[in-house]
Amino acid sequence: MPFKAASNNFSGDVTQWADVQPHVYYAPYLNPVDGLNYTLRFVNESFHNHVRGGYYASVSFMDEQFGRIIQGLYKYNLWNNTVVSFMGDHGWHLGEQGCWAKFTNFEVSVRVPLIIRIPGMN
């Protein structure tokens, strides 16, 4: 996941902020299925919040860019004869169920945004 976004949406690289300590702690985990011991890696809540902020800033940045496209369609009088479709990648865990990234089939990570606007159709 990128930790940088446009400066008007986000104030920089979260890993360089003084108050963000990517404090890592580990917890032992015995897998009941295979009987093997594993170690789970966790980071503190401060880091979670800053990573979420970076993710939301990236989403806001893309929303702004999409808005610029729509404004251009209106400006050049193309809105009424242009099909607009928007589809995104599947979701990204932001700490829900203790998960980060894209590796589960939980609801949050399998939803895909799909928006289609066809002139003359409601």
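Trainee: In which strand is the place of A101?

Mentor: This is a predicted model, and in it A101 has a relative accessible area of 24%, which makes the residue partly exposed. Leaving aside its neighbours within four places in sequence, A101 is in contact with W92 and H93, while its C-alpha atom lies 8.5 Å from that of G91, a residue 10 places away in sequence. The element that holds A101 is strand 5.

Trainee: Is C99 buried or exposed?

Mentor: C99 belongs to the loop between strand 4 (93–94) and strand 5 (100–101). Once neighbours within four places in sequence are set aside, C99 is in contact with H93, L94, T104 and F106. Buried means under 20% relative accessible area, and because C99 has a relative accessibility of 10%, it counts as buried.

Trainee: What pattern does the chain follow when it is read along the sequence?

Mentor: The secondary structure of the chain comes to two helices and six strands. Buried residues make up 20% of the 122 residues in the chain, and among contacts between residues at least 6 apart in sequence, 46% join residues at least 24 apart. Read along the sequence, the order of helices and strands is β-β-α-β-β-β-α-β.

Trainee: How far apart are the end C-alpha atoms of helix 1?

Mentor: Helix 1 covers residues 45–75, and its buried residues include F47, H48, V51 and L73. With 31 residues at 1.5 Å a residue, this helix should span 45 Å. The distance between its end C-alpha atoms agrees with that expectation, for it is 44 Å.

Trainee: What is the phi of N77, the residue said to follow helix 1?

Mentor: N77 is found in the loop between helix 1 and strand 3 (84–87), and at 61% relative accessibility it counts as exposed. Most residues other than glycine have a negative phi. N77 is a residue other than glycine with a positive phi, and the value is near 55°.

Trainee: Which kind of aromatic pair do Y55 and Y56 form?

Mentor: The structure holds three aromatic pairs, and one of them joins Y55 and Y56, with 5.9 Å from centre to centre and 70° between the planes. Y55 counts as partly exposed at 23% relative accessibility, and Y56 counts as partly exposed at 47%. Planes over 60 degrees apart count as edge-to-face, so the pair of Y55 and Y56, at 70°, is edge-to-face.

Trainee: Which kind of pair do the rings of Y74 and W79 make?

Mentor: A pair of aromatic rings is described by the distance of the centres and the angle of the planes. For Y74 and W79 the centres are 4.9 Å apart and the planes are at 25°, and W79 is buried, with a relative accessible area of 16%. Because planes under 30 degrees apart count as stacked, the pair of Y74 and W79 is stacked.

Trainee: Which side chains meet in a salt bridge?

Mentor: Side chains of opposite charge can pair when their charged atoms come close. The count in this model comes to one salt bridge, judged by a nitrogen-to-oxygen limit of within 4 Å. One partner is partly exposed at 48% relative accessibility, and the other is exposed at 55%. With 2.8 Å from N to O, the side chains that meet are those of E107 and R111.

Trainee: Which residues does V112 touch, not counting those up to four places away in sequence?

Mentor: V112 has its place in the loop between helix 2 (107–110) and strand 6, and with a relative accessible area of 44% it is partly exposed. Its C-alpha atom is separated by 7.1 Å from that of M87, although the two residues are 25 residues apart along the chain. The residues that V112 touches are M87, G88 and H90.

Trainee: What is the area of the nonpolar surface patch that V112 helps to make?

Mentor: The accessible surface of the chain comes to about 9,100 Å², of which 58% belongs to carbon and sulfur atoms. The patch is made by V83, M87, V112, L114, I116, I118 and M121. Of these, M121 is found in the segment after strand 6 (114–117) and is exposed, with a relative accessible area of 58%. The area of this nonpolar patch is about 720 Å².

Terms used:
Residues numbered from 1 in each chain as written. Predicted model: local features only at pLDDT ≥ 70, side-chain atom pairs only at ≥ 80, totals over all residues. Heavy atoms only, no water. Patch = residues over 30% accessible without salt bridge, like charges linked within 9 Å, V, L, I, M, F, W, Y side chains within 5 Å. Areas by Shrake-Rupley, 256 points an atom, 1.4 Å probe, with all protein chains shown as cover. Helix = DSSP H or I, 4+ residues; strand = E, 2+ residues; numbered from the N terminus. Buried < 20%, exposed > 50% of the residue type's maximum accessible area, 1.4 Å probe, protein only. Phe/Tyr/Trp six-rings, centres within 6.5 Å; stacked < 30°, edge-to-face > 60°. Contact = heavy atoms within 4.5 Å. Expected span 1.5 Å × (residues − 1).
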